[in-house]
Amino acid sequence: MSEPQATHLKDYLPPAYRVTHTELKFDLAPSATTVTARLHVERHPEREAGLPLRFAGDKLSLVRIAVDGQTLEADEYEVDDEGLTIPSVPERFLLDTEVSIDPAANTALEGLYVSSGMFCTQCEPQGFRRITFYPDRPDVMATFSTTVVGDKTEAPVLLSNGNPVESGELPGGRHFVTWEDPHPKPSYLFALVAGKLEKVEDRFTTMSGRDVTLQIWVEPENLDKTDHAMASLKRAMRWDEETYGREYDLDRFMIVAVNDFNMGAMENKGLNIFNSAAVLTHPQTATDAAFQSVEGIVAHEYFHNWSGNRVTCRDWFQLSLKEGFTVFRDQSFSADINSAPVKRIEDVSFFRTAQFAEDAGPTAHPVRPDHYIEISNFYTLTIYEKGAEIVRMLRHLLGWETFRQGSDLYFARFDGQAVTIEDFVDCMAEVSGLDLSQFMRWYSQAGTPEIDAHGEYDYAKCEYHLRLSQRTPPTPGQAEKQPLHIPVRMGLVGTKSGNDMALTLDGESLGHETVLHLRDTEQTYVFTGIDEAPTPSLLRGFSAPVYLRYPYSREELSFLLTHDADDFNRWDAGQRLTMLALDDLIAAHRNGVEKVMDSRVIDAYRRLLTTETDDKAVLAEMLTLPSEAYIAEQQPMVDVDAIHAARVFVKQSLATALRDEFLAMHEAHRSDEPYAPEPDQIARRRVKNVALEYLMSIEDEEGVALAEAQVDAEDNMTDVRAALTMLVHSSRSDIAEPALKAFGEKWAHDPLVMNQWFTIQVTRPQEDVLERVKYLMAHPLFSLKNPNKVRALIGAFAAQNRVNFHRLDGEGYRLLADVVIELNRLNPEIAARIITPLTRWQRFDEQRQALMKAELERIRAEELSPNVFEMVERALAEA
Ligand code: TRP
Ligand code: ZN
C-alpha cells in the first residue's frame, strides 16, 4: 500500500485539456448504471501542445472509449486506480466513453448513490470522477446536457441541473428526461436525482420581472414539512436582490431532500440537494433551533448561486473564497431577519468554542491551506467560519457601501470564471484604495491571535492610554508568525455616567465609538480629554477572530454587563464574569477545597431576572451559562471532571438562590399562542426553557412538575425536547423512562425525530451512559451507514458528553475508535470527521493523553482511506 501523496498550492497549473461542453446519458439501475459521456475537449490555450491527456476516474468500469468516433485500441489508452491516460490526442476532439458504476454499493455517498431507494449525487469536491472520466477540477467549466433514463415506477421523477428540454417514453417500462444547463459550470456542481418523489411548488418574480418556478422535492410523507424551507428560500432570494443586487438566473430552482447525506446541503446549479435534516421542519417534529438552521442553510446554498457558482474557485485551496463569503452572507441574512445581536452571540460562542479548538490543535490550518492530502478534510470551521470572519473584517474596514461596490466589481469582473482569493481581495482594495497586503496574512497564517490589552488613566492629564499587543502562537508547520492587521472596535464607558465617552485620538475627534487598526506587535493609543476614569469596552461585536485579554475586575464586568452600549459586549461581560467564578471553582474542585459561589454572579443574575427588558432573545443568551466545551477552550489544561462539577455547581447555586425568580420567569413566558417559528416566540420559549433548566438542576418539585407536564405538550418539539432532555438528564428516571419510551413509540416512523431521541439519551451525564450508547448502537433504527444517525448518536456522545467520553478507563475513546475503524471502510468522509475529539489529546492530562494516543495508534495500524490517514498523521505528528 503506497502512502497517499499531498497536493500543493504552489504546483498549480491550468489543465492540459479542458472540456467546453458535456453530454451525459445515465441509464439508471441500482447495481449497474451505465453512464455514456460525449465530451467536447480542447487543449488549454495556456498549456503547450502535444501533452498527454489525463482525466480523473474512480471505481469506473470502462466499456467503450472513442476519440472523434474512432474506438481506441487497448494500447492507445491506459486506465489505473485514479484515472484515464491517452498519450496522444488532437488539439480539439470529441471524447466518447461508456462506463458502468454501482450506485447501490456506494456507502461513501460520493458520486452517484442510492438513498432510501432514490438515486442522488454528491460531486463536491471530487465525486464526479466516480461518475465518469473527467477533468474533475473546478477550473474546467462546461455547459451540460444530461439525459436521465429510468424505470417509470421506480423513478417516476428524473431531475438534473438547468431546464428540462425533452422527455418521453421508452420500451420496457422506462422513460427519459433531457436537461440542459446553459451556464458553464465545474463538474462539482453537477447533480442528478431520480426516484419516487413529490413536490411542493411556488413562484418567485425576480427584480427584473422574470418568473421563477420554485420546487421542493421530498418523499410523499414529508410534503407537510416544506413550508418553512420554501418561505426561507423566497426571503433569501429577495434579500440577495436587495442587499447584493444578485438575481436568480434560471427558470426554475429545485431543492431535494435526501436522507443519507454527508454534510448539510449542496449548492448544485439549479438543483440544490439537501440533507433532509437541513430542509424538513414541522412544529411537532423540529425545534426552534432546527427551524433557524434550515433558514440559514437554505439561504446559504441559494447564495452560492453567485458566490460559488457564477464565480467559482480556481482550485480547492481557494475553497474559502466561496465558503467564507457565503457563510458571511448567510449570517448577515439571518441577522437581518431575526435578532442581529443574538445571531452574533450565537455565531461567536460557537466560533470561540469550535474554531478556536481547531486552531489550537494538531489539525490547525490557514484559511487558505498550502497543501492537503484529502481535500474533503478541509471543509472545516477554519475555512467556513474563520473565512466568514475575514470577510466580515473587510466589510468593516471598507464600510458597507464600499464593500458592496467591491462585491459588485468582483461579480462583474469574474462572472463565469474560476478565480482566487487574491482576485476577491484585489476588488476590495481597488474600490477602497486601501492597502490590504498585510491583511492578506489572515489567509495564510493559522492559529488564533492573542491580544493583550492594558489601560491606564492619567487623572492629571485627562488621558487614557490603551496599550494593545498581539501575538499568534505557533501552529503545525508554522513556527514563526507575523503581526496581522486587526480591527479592534471599541468604546470607553464613563464610570459615572455609564455612557460611551467622546473619543479623541491624536487630536482627531472620533465620535463615541471607533475602530483601532492594530498592525504592529505593540501599539499604544492615547485618548485625550477623558475627564473620568473609563472602563474600556474592547473588540465590540467580536470585530476580529482573536482572543482578547484584559485584566477586568469583577466590578468592572458587572458594570459593563449593565452599561455597555454594545449588546454583544454586554453579553460577553456576563460570560467573562461567570468565567472568573468558574475558574475559581475549577481550582477549588482540583484542590479538594470547598466550593463557594461568587455572590457578584448571583447579583448579576438577579438583576437580569428582575429588570424589565424588551429584548427577550438577548436575555435568554445572557442567562445561558457557557458550555463545558467553551469553558474548556479557556483553560490551559482541560480537566473535564472539574469543569463539569464547577458548571453544575454554578447552575445549582443560581437555582437555589434565585428559585422564585426563575419560577416567575418561566411563568411569565408561557403562552397559548399557536406555534410559529417567529423571533419573538422563539425568544420567549428560550427564556422559559432556560429558566426551567435551572429549576431542574436542583430537581425542584415545582420544576419537575412543570417539566413533566411540558413533555406532553402536543404543540411543538421545542418545548417537548427541552423538557424531555431535562428529565432524562436528571435523576428522576421514574418520570424520564416512561416519557422516553412513549416518545420513541410515537415517533418511530420519523428518522429525524428518532435522531433527537438518540441524542437526548447519549448526552446524559450519568455514569452508566456508555452502556446506553452501546445498546442504542444495536437499536434497529440505528445504522452506521446513515451519517445523521452517526452524528446524533456517536458524534453527540463524543462532543457533548465530555465527562463520559473522557472516562479514565478509556472506554469512551475505545468506542469512538471502533466506530472510526468501521466507518473508514464504509464512509471515509464521515470517519475523518467523527475522529476529531480524539485528535485533541494534547489538551488533556497525561493519563488521558496516553489513552487517546493509543487509540489513534490502533487506528493507524489499519488499512486507511486517505481521509482518515491524513487526520491520524496530523494528530500524531507531534506525539
Ligand atoms: N458546498 C457545500 C456547502 O457549502 C458543502 C458540501 C456539501 C460538501 N456536501 C459535501 C463538502 C460533501 C464536502 C463533501 O454547503
Ligand atoms: Zn457552502
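A polar contact here is a pair of N or O atoms within 3.5 Å. The model is predicted.

**View 1. Polar contacts of ligand 1.** A polar side-chain atom of E323 lies 3.0 Å from an oxygen atom of ligand 1. H304 also approaches an oxygen atom of ligand 1, with a polar side-chain atom at 3.3 Å. For Q122, the partner is a nitrogen atom of ligand 1, and the separation is 3.2 Å. Taken alone, ligand 1 exposes 370 Å². The protein buries 97% of that area. Three elements give two or more residues to the shell around ligand 1: β20 (265-266), α2 and α3. The ligand has 15 residues around it. E124, A265, E267, E301 and E323 come nearest.

**View 2. The zinc ion, ligand 2.** Which residues coordinate the zinc ion? H300 and H304 each do so through NE2. E323 contributes through OE, and is listed twice. The distances run from 1.9 to 2.8 Å. Along the chain, the donors follow the spacing H-x3-H-x18-E. The pair H304 and E323 links distant parts of the chain, 19 residues apart. H304 sits in the loop between α2 (288-303) and β22 (312-313). E323 belongs to helix α3 (residues 319-337). Is H304 buried or exposed? H304 counts as buried because its relative accessibility is 0%, under the 20% limit. E323 is buried too, with a relative accessible area of 1%.

**View 3. The cis peptide bond at P125.** E124 and P125 are joined by a cis peptide bond. Omega is about -10 degrees. P125 is found in the loop between β11 (118-122) and β12 (142-151). E124 is among the residues that come nearest to ligand 1.

**View 4. Q292 on helix α2.** Q292 has its place in helix α2. This residue counts as partly exposed, at 26% relative accessibility. Which residues does Q292 touch, not counting those up to four places away in sequence? They are N338, E346 and I682. The C-alpha atoms of Q292 and S232 are separated by 9.5 Å. Along the chain, Q292 and S232 are 60 residues apart.

**View 5. The nonpolar core around I859.** In soluble globular proteins, nonpolar side chains tend to be buried together. The largest nonpolar core has 278 residues. Those touching the most other members are Y410, F527, L654, L838 and I859. Residues up to four places away in sequence aside, I859 touches A817, V820, I821, I835, L838, L864, V868 and V872.

**View 6. S865 between two helices.** S865 lies in the loop between α27 (846-860) and α28 (866-876). At 11% relative accessibility, S865 counts as buried. The side chain of S865 reaches the backbone nitrogen of V868 at 3.3 Å. Beyond four places in sequence, S865 touches N824 and P828. V868 is also among the residues that I859 touches.

**View 7. Helix α9 and its cover.** Helix α9 spans residues 554-563. Its buried residues are R554, L557, S558, F559, L560 and L561. What covers them? The cover includes strands β27 (486-494) and β32 (534-538). Helices α10 (567-591), α11 (599-610) and α12 (616-623) also take part.

**View 8. Positive phi at D68 and F542.** Neither residue is a glycine, yet phi is positive: near 50 degrees for D68 and about 55 degrees for F542. D68 lies in the loop between β5 (61-67) and β6 (70-71). F542 lies in the loop between β32 and β33 (547-549). D68 is partly exposed, with a relative accessible area of 44%. F542 counts as buried, at 0% relative accessibility.

**View 9. S160 in strand β13.** S160 lies in strand β13 (residues 157-160). With a relative accessible area of 0%, S160 is buried. A polar atom of the S160 side chain lies 2.8 Å from the backbone oxygen of A191. Leaving aside neighbours within four places in sequence, S160 is in contact with T146, W179, F190, A191, L192, M254 and L271.

Key:
Residues numbered from 1 in each chain as written. Chains lettered and ligands numbered in written order. Predicted model: local features only at pLDDT ≥ 70, side-chain atom pairs only at ≥ 80, totals over all residues. Heavy atoms only, no water. Donors = N, O, S within 2.8 Å, 3.2 Å for Na, K, Ca; no water. Helix = DSSP H or I, 4+ residues; strand = E, 2+ residues; numbered from the N terminus. Buried < 20%, exposed > 50% of the residue type's maximum accessible area, 1.4 Å probe, protein only. Core = buried A, V, L, I, M, F, W, Y, C linked by side-chain atoms within 4.5 Å. Contact = heavy atoms within 4.5 Å. Near = heavy atom within 4 Å. Polar contact = N/O pair within 3.5 Å; in protein donor to acceptor, adjacent residues only side chain to side chain. Areas by Shrake-Rupley, 256 points an atom, 1.4 Å probe, with all protein chains shown as cover.
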